[in-house]
Amino acid sequence: MDFDLDESQYLLQDTLKRYFANEYPLAKVREVFDAGGGVDPDLWRGLAELGLLGLVVPEEHGGSGFELLDVAVAAEVLGYSVAPGPFTEHVMATIALARGGTDAQKQRWLPGLASGELRATVALAEEGEGWLPHDWEMGSSATLSGTKDWVLHPEGADLIVVGTRRGLSLVDATSSGIAIEPLDGIDRTRRLATVTFDGVPHEPLDGGADVTRAVLDAGLVLLAADAFGAGLRVLELAVDYANTREQFGVTIGHFQALKHQIADVALEVHPSKGLYWYAAHAYDHVPEDATRFAALANAHITEIAANAGRRAVEVHGGIGYTWEADVHFFLKRAVLDRAYLGTPRALRALVAELNGWPVAS
């Protein structure tokens, strides 16, 4: 069995890496990070021109009609490049539409979402760690009222996919009755907010629990891929620093304790990519494994990436704890990946429940 990416997927990754190296180096990321807005219109247009925003949109609606693995390998590069702005939530919204939308809804929204002319987000979490449908209290009568937490990039969005007790609903983000309260999140490349809906009209999507689960699973896989990319890049930064920083007349990479520390991180990071590869493959080809492996891949990889970020900060010593050091971008990226859509503990509890195992309260 040849368990590997195909030529086109490696080409996609190489193309994206070259794009970010040439057009969006870390110096530009720092500008967005310092500003705190999280969105760069030039980068959004660049991703649209590369076709990244329509990868999972069906061809008849202006997209490429690719599978989730194709999107995930792109998400890895976005994490590796700590790319600011919406992506995961935009893809989740397009998947919700593609799977649960009516023909009229698809024709209205999908072409613009694929081209980048329109931007979408999802509003799912409620109080506490209410990421799962059974935690959602928002009703779905003629209008929506209630509050959603941890919403990524609602400012400037054209469409919001909202989780309700009956499933997912579409909300035109320009509707009256929507109040956005920005949050000062840890990762300034992705802007978080609390969104309150007060009598806002909506259009329910078809598909019920199946579509809701598919959207959540896709998000978990993409976050895992993003975190893997961040973990890989921060490992490379640690190696580069260890090979250039000198103490006592030699580079610090000569010190055995530091070698062991970096080797431990490498042994965690590199093998973990197979988890998100399989989870993305299962999403389209092994549906009975999809939810289980999406949750496991996310729980495992996001923890590894966050740990890699912390260890890389330690490798950099005192400079690693400063705002000027680049490593904090990737640590903060991994920390948000680890929390958004559910913590590793919550996701492992979900897997235990799916397997029929007892879960400690």
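This passage describes two open sheets and the surroundings of one glutamate in a predicted model.

The first sheet is open and has 4 strands. Their order is β1-β3-β4-β7, and the pairing is mixed. β1 (120-123) and β7 (203-204) stand at the edges. Each has a single partner strand, so one side of each is left without a neighbour in the sheet. β1 runs parallel to β3 (residues 159-164), and 4 bridges join the two. Within this pair, T121 has I160 of β3 as its bridge partner. Helix α6 (residues 103-115) lies across β1, β3, β4 (167-172) and β7. The helix runs at about 70° to β4.

The second sheet is also open, with 3 strands in the order β2-β6-β5. Here the pairing is antiparallel. β2 (143-152) and β5 (178-183) are the edge strands, each pairing on one side only. Neighbouring strands of this sheet are turned by 10° against each other on average, direction ignored. β5 and β6 (residues 192-201) run antiparallel and are joined by 6 bridges. I180 has V195 of β6 as its bridge partner.

E76 lies in helix α4 (residues 68-80). The residue is buried yet has no salt bridge. K17 is the nearest side chain of opposite charge, at 5.0 Å. A salt bridge requires a separation within 4 Å, so K17 at 5.0 Å does not qualify. The side chain of E76 instead makes a polar contact of 2.5 Å with that of Y276. Not counting residues up to four places away in sequence, E76 touches Q13, A225, D226, F228, G229, L232 and Y276.

Methods
Residues are numbered from 1 along each chain as its sequence is written. This is a predicted model: local features need pLDDT of at least 70, side-chain atom pairs count only at pLDDT 80 or more; totals for chains, interfaces and linings use all residues. Side-chain values use heavy atoms; hydrogens and water are left out. Buried means under 20% relative accessible area, exposed over 50%, partly exposed in between (1.4 Å probe, protein chains only). Lys and Arg count as positive and Asp and Glu as negative; His and the chain ends are not counted. A polar contact is a pair of N or O atoms within 3.5 Å; within protein, one must be able to donate a hydrogen and the other to accept it, and residues adjacent in sequence count only if both atoms are side-chain atoms. Contact means heavy atoms within 4.5 Å. Two strands pair if DSSP finds at least two bridges between them. Axes are lines fitted to C-alpha atoms, for helices over the stretch in contact, and angles run from 0 to 180 degrees between N-to-C directions.
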